[in-house]
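Below are some notes for a colleague who has not seen this structure before. Please read them alongside the sequence and the model.

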Amino acid sequence: MSSIDQVLAEAPARLAAVTSTDQLNELEAELIGRRSLLADTRRRLSELDPAERPRVGARLNQASEQLRVQIDQRRRELELAAESALLAEDRVDVTLPAVEIRQGRQHLLTSIMDEVCDIFASLGYRVAT
């Protein structure tokens, strides 16, 4: 039981030291994963005295839930900080000059048609549409 209390006591400081979601995932696996102290204690429940099992099992469930809540809260904090950093980095400077839109030009076939019409008009023909 004292080891469970020790894990719970150390968890807030360890969670506060985490700076990325990858580190948080590693810490989560260490605290409540398959190879964690809590999982090991849960596997050893069958070795305990039958009268003591419900108390230890309840304490394990409570500790797991507390750690899960703390981890989820830290995950939300890290995601919010990452999102804020991304928004600050991706900010648009409205004082910059606007993007210039280049003027287009006539399509090649349209300019050839105009040139042919000009040639025939100079020969005396009229353009009909």
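**Notes on the surface patch and the core**

1. A nonpolar patch of about 830 Å² lies on the surface, made by Leu-108, Leu-109, Ile-112, Val-116, Ile-119, Phe-120, Leu-123 and Tyr-125. Please keep in mind that this is a predicted model.

2. One of the patch residues is Ile-119, found in helix H5, which covers residues 108–122. Is Ile-119 buried, partly exposed or exposed? Its relative accessible area is 45%, so Ile-119 counts as partly exposed; the exposed class would need over 50%. As background, nonpolar side chains in soluble globular proteins tend to be buried together.

3. Turning to the interior, the largest nonpolar core has 18 residues. Leu-31, Leu-38 and Leu-67 have the most contacts inside this core. Two or more residues each come from helix H1 (2–17), helix H2 (21–32) and helix H4 (53–89). Helix H4 gives the most, with six residues.

4. Which residues does Leu-67 contact, once neighbours within four places in sequence are left aside? They are Val-7, Leu-8, Ala-11, Leu-31, Ile-32 and Leu-38. Two of these partners, Leu-31 and Leu-38, are also named with Leu-67 as having the most contacts inside the core.

5. Ser-64 is a residue of helix H4. Its relative accessibility is 17%, so Ser-64 counts as buried, the limit for that class being under 20%. With residues up to four places away in sequence not counted, Ser-64 touches Leu-38 and Arg-42. Leu-38 is thus a contact of Ser-64 and also of Leu-67.

Terms used:
Residues numbered from 1 in each chain as written. Predicted model: local features only at pLDDT ≥ 70, side-chain atom pairs only at ≥ 80, totals over all residues. Heavy atoms only, no water. Core = buried A, V, L, I, M, F, W, Y, C linked by side-chain atoms within 4.5 Å. Buried < 20%, exposed > 50% of the residue type's maximum accessible area, 1.4 Å probe, protein only. Helix = DSSP H or I, 4+ residues; strand = E, 2+ residues; numbered from the N terminus. Contact = heavy atoms within 4.5 Å. Patch = residues over 30% accessible without salt bridge, like charges linked within 9 Å, V, L, I, M, F, W, Y side chains within 5 Å. Areas by Shrake-Rupley, 256 points an atom, 1.4 Å probe, with all protein chains shown as cover. Salt bridge = Lys/Arg side-chain N within 4 Å of Asp/Glu carboxyl O.
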